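Hi everyone, thanks for making time for this. Let me put the chain on the screen, and then we can walk through it together.

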Amino acid sequence: MPAQQPSPAVADVPLLIPPRHDSGGTTRAPRDDVSAPGEIDPSVWRVVGDPLVAAPKEGVLSGSRVAVKDLFAVAGHAIGAGNPAWLREAPIESAHAAAVQALLQAGADVTGIARADELAYGLSGLNTHYGMPPNPAAPGRVPGGSSSGSASAVALGLADIGLGTDTAGSVRVPTSYCGLYSLRPSHGLVPDTGQIGLAPSFDTVSWITRTPQLLSRVSDVLLPRRPAQPIKRLLLATDLFDLVDPALRLPLHDAAHAWADRLAVPLQPRSSTCAAHLEEWAEALGVLQAVEMWQLHGSWLQAHREAVSPLVADAIAAGEGMPAEYLTWARDTVGRARSTLAELIPPGTALVQPAAPTAAPPPGPAVTGMALRTATVQLICAASVAGLPVLTLPGAQSPAGPVGLSLVATAGSDRALTAALADHTADSAALTPS
């Protein structure tokens, strides 16, 4: 399945690993393995080079290495979407995805194509076909997904920039679990041409780094230049902090106050923000996401059901034949959520909340069960249903690993979030996770 509307190709960009050809000259997808020495972890990379694609010129990101989630087109390679059957049928892409193109033009090199949760559905980083990328911030625990390989590569120091997507936490959760920085932009603000979607009403191109300085530089490249009212107030959503593991509440509160001091923005506690609505909002998000997943991938799933893990197959199939009254209710609920959040988070304000309800769990029943997934989706669904930008930062360090904080702002305030970070962390080496 080709990427959606590939962006124009970069002229004469060298590819370290060229596409293979059969005896008749027909282009095939590269093998579903790591095209590099054996010490490279195949749970992190599908294809990797030194670099895989070199930047065509110097720029503000020169010297930076990019791990590209296996949903984005990289010219000369197929998109694998985290599934071997998908990869076997995928064509070689003739052009880079728009976000890949922009990073290359800014001087960054593409190190490789990183693993993703199967068909971009998942929050754990567990892929039935390829395994689990490591989480160096919490050894033996999941890295988070679905942008799992990109986050793992950045956390391991194998890449500086992780290019991913976030539909319902797919960048925010791995950022939290791995102690990193990320930006989920306002929905539709960054072009998504040249990538495989999951649920287009909620999909966003997103990026991950180890440092706030690099996150700001990447954001300056990928975000359009739109004026935004500076962030002058932070709201501490105490009702959302009540949704996390009790042992994390005080450390995360302390981290929120510390970040407010570092960003030089006043922090105002708010006991009632939107927690009372989250169960309903998460359910509406689930209905609409399921329908869009089926619309995008239902036909392919019907032809390849045995090649897809039961969890992912069932999630996609849930969108088939969704009753019309469910859809109407879900759309109405999303509309009400957007109105509520627009009133709660006006321009110049960011809502501070935990990025995840727990630190990264170990692989096992807790990860695959519904309880953790439900708690996670409820905590992160507000930004997804309203298409809001989210800056996620390192928060507290628990015995199980890091847990992040998220700053949620009004739509279009992306540059205000990254400006606050850049203005007050330029000399703060201590903020960079070790």
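Let me start with a question: which residues touch the most other members of the largest nonpolar core? The answer is L163, W207, L234, L341, V352 and L407, in a core of 125 residues. By nonpolar core I mean a set of buried Ala, Val, Leu, Ile, Met, Phe, Trp, Tyr and Cys residues joined through side-chain atoms within 4.5 Å. Buried, in turn, is under 20% relative accessible area, exposed is over 50%, and partly exposed is in between, with a 1.4 Å probe and protein chains only. Helix 8 gives the most to this core, namely 13 residues. Apart from that core there is another one, of 13 residues, including A151, V154, A159 and L180.

Before I go on, some housekeeping. This is a predicted model, where local features need pLDDT of at least 70, side-chain atom pairs count only at pLDDT 80 or more, and totals for chains, interfaces and linings use all residues. Residues are numbered from 1 along each chain as its sequence is written, and side-chain values use heavy atoms, with hydrogens and water left out.

Now the overall picture. The chain has 13 helices and eleven strands; these are DSSP runs, H or I of at least four residues for helices and E of at least two for strands, numbered from the N terminus. Of its 434 residues, 59% count as buried. Among contacts between residues at least 6 apart in sequence, 77% join residues at least 24 apart, where contact means heavy atoms within 4.5 Å.

Back to one of those core residues, L407. If we set aside its neighbours within four places in sequence, L407 is in contact with L234, L263, A350, L351, V352, P389, V390, L391, L393 and L417.

Next, helix packing. Helix 8, residues 278-303, packs on helix 10, residues 324-344, at an angle of about 130°, with the axes 9 Å apart. Axes here are lines fitted to C-alpha atoms, for helices over the stretch in contact, and angles run from 0 to 180 degrees between N-to-C directions. Helix 8 and helix 10 are therefore oblique to each other. For the cut-offs, under 35 degrees is roughly parallel, over 145 roughly antiparallel, 65 to 115 roughly perpendicular, and the rest oblique. Helix 8 brings E280, W281, E283, A284, V287, L288 and V291 to the contact, and among the helix 10 residues there are W329, R331, V334 and L341. The residues of this contact divide into twelve nonpolar, two polar and four charged. In that count, Ala, Val, Leu, Ile, Met, Phe, Trp, Tyr, Cys and Pro are nonpolar, Asp, Glu, Lys and Arg are charged, and the others, Gly among them, are polar.

Helix 10 also packs on helix 12, residues 370-386, at about 100°, with the axes 9 Å apart. That makes helix 10 roughly perpendicular to helix 12. V334, A337, R338 and L341 of helix 10 meet A382, V385 and A386 of helix 12. Here the split is six nonpolar, no polar and one charged.

How many of the eight residues of helix 2 are buried? Six of the eight are, so helix 2, residues 98-105, is largely enclosed by the rest of the structure. The buried ones are A98, A99, V100, Q101, L103 and L104. They pack against several elements, including strand 1 (45-53), strand 3 (109-114) and helix 5 (212-222). After helix 2 comes G107, with a positive phi near 105°.

Now for some backbone details that a force-field person may enjoy. The peptide bond from D50 to P51 is cis, with omega near -5°, and P51 lies in strand 1. Another cis bond runs from G145 to S146, with omega near 10°, and S146 is in the loop between strand 3 and helix 3 (148-155). That loop also holds L119 and A120. L119 has a positive phi of about 55° although it is not a glycine, and A120 has one of about 65°, again without being a glycine. L119 is buried at 4% relative accessible area, and A120 is buried at 5%.

One last residue, P251, which sits in helix 7 (246-263). P251 is partly exposed, at 32% relative accessible area. P251 and G395 are 144 residues apart in sequence, yet 8.0 Å apart in space, C-alpha to C-alpha.
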